[in-house]
Amino acid sequence: MQNLNLIAGSWCPADSGGTFPVLDPADDGLVAEVPECGIAETRRAIEAAHAAHPPFLARPAAERVDMLRRLSALMDDRVDELASILTSEQGKPLAEARGEIAYARSYLDGAAWEAERMAMVEELDPERTGKAILVRRAAVGATAAITPWNFPIAMLTKKVGPAFAMGCTMVLKPAEHTPLSALAFGELCIEAGVPDGVMNIVTGSPEVIGEELMGNPLIRKVSFTGSTEVGRILVRGASRNLPRLALELGGHAPFIVLEDADVELAVAGAMSCKFRNAGQACISANRFLVHEAVHDRFVERLVEAAGRLVVGRGTDDGVDIGPVIDDASMAKIDRHVRDALDRGARCELGGGHVHIDGLTDRFHEPTVLTGCTPEMLCFREETFGPVCPVMAFSEIEEAIRIANDSPFGLAGYLWTSDRDAAIRLAPRLEVGVVGINDPSPVTTYTPFGGMKQSGWGREGGRAGLEEYVPLQTISIGPTN
Ligand code: NAP
């Protein structure tokens, strides 16, 4: 398992020799020690990415596309090894880890596909403009990526795919909980022939590395996925050099089940979009708003299905829900459940911890709460755990109002048998992505990102690539 940092094509320790531990959230066992890098190493990584940019951009675009496809194929060859690293540092069940790797590959393949079809130069109609005007997509240069622990490898390739496809280089700071998946990906970059300096990875204190990434003028774009709170810190940091900034931030998705919904389908959707990754996904359904006509049946079927989920260590066969990432996450889930019960919610399933011999106290029961209200913490903040807070409604206007009563707007879900009505309703949700009878509304080809405090910019699809190539206009007067 690679545990050094990647700078200018070489694997290096921290200058100080310092390291920090990566622990398995299931048992706090030591998985590896990785370098505690600081300003000097980050600066070298930035300089390497800056120096590598012109020759990388000068390569034929087809070569970069081939490189992305080789990377994707290598990930497929090593899926078991990568999944095992991912589960050991993140905790998710192995089957989900394999799923994340397939999803991560899709961002490399998707970026390659889009890049092959993207016109990099367009000539405006001279009859209209009165002169020759070219508009070209200009690769932004060296970029920085800061990624979260919940999907450590998919959130990484979501940035690497478009960056490399558009000829940009990168310095990555992965989350401290999950640096090993990123370092394993760095090894594959070398094997796939990614030139030295194009991919650099530094691990260590987020404040120290983040400060250098945001403050160094050689970084022309920063792509961040994580919490809204840290997003704000980065916006302040960016005020000095004004790099382009893409922020994929927190969510608080409403899951609205209409009177005419197919309840079985809605429950299957809820199971997938609530319990995946133990509820630690930015697009997890966080607030269930269910029409009173189908509320009882929905809850009954949800309790049955969620009650069958197996909680345990991600490496064990048949496990559906692994540990949450750390004690602070567990404390937040506890706080949300306690607050809901104190304010009058009923616990229909779960509500507590699962104690497993020899393992940490980070395993939470799948939980269903009813009688929830908009004042409860679980209806105001992202829970990031396997908890379904349910509220009944009678009028759709009320459900839409509650759904939009949040500073966040990443994803939202509608369950109904009336496709046309849903398509009319979807634009009224103040979110970047709406799933109509669809619990996984994200693919590599779809623009993904938030409204309101859920972020700036889009990843995925052509829009994701465009973030790396600001337009340059070339206006040509008479030349003789
Ligand atoms: P986080 O605490 O914001 O951390 C995200 C990344 O930022 C980590 O690499 C973290 O490093 C780093 N970081 C923390 N403080 C920093 C600073 N001062 N300067 C620079 N970097 C800093 O978020 P998280 O807890 O890992 O992830 C969960 C959040 O991400 C949730 O809110 C979730 O909704 C959101 N998310 C959003 C999307 C999306 O696409 N919109 C996708 C996935 C997750 P350390 O880990 O080393 O502290």
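Between which domains does the ligand lie, and why?

1. Domain 1 (5-249 + 455-474) and domain 2 (253-442) both give residues to the shell around the ligand, so the ligand lies between them. The domain bounds come from an automatic or database domain assignment.

2. This is a predicted model, in which local features need pLDDT of at least 70 and side-chain atom pairs count only at pLDDT 80 or more, while totals for chains, interfaces and linings use all residues. Residues are numbered from 1 along each chain as its sequence is written, and side-chain values use heavy atoms, with hydrogens and water left out.

3. There are 28 residues around the ligand, and those that come nearest are Thr147, Glu176, Ser227, Leu249 and Glu382. A residue counts as near if one of its heavy atoms lies within 4 Å of the molecule.

4. The shell comprises 16 nonpolar, eight polar and four charged residues. Here Ala, Val, Leu, Ile, Met, Phe, Trp, Tyr, Cys and Pro count as nonpolar, Asp, Glu, Lys and Arg as charged, and the others, Gly among them, as polar.

5. Oxygen atoms of the ligand have protein atoms beside them: a polar side-chain atom of Glu176 at 2.5 Å, a polar side-chain atom of Ser227 at 2.6 Å, and a backbone N or O atom of Thr147 at 2.7 Å. Taken alone, the ligand exposes 910 Å², of which the protein buries 89%; these accessible areas come from the Shrake-Rupley method with a 1.4 Å probe.

Technical notes
Polar contact = N/O pair within 3.5 Å; in protein donor to acceptor, adjacent residues only side chain to side chain.
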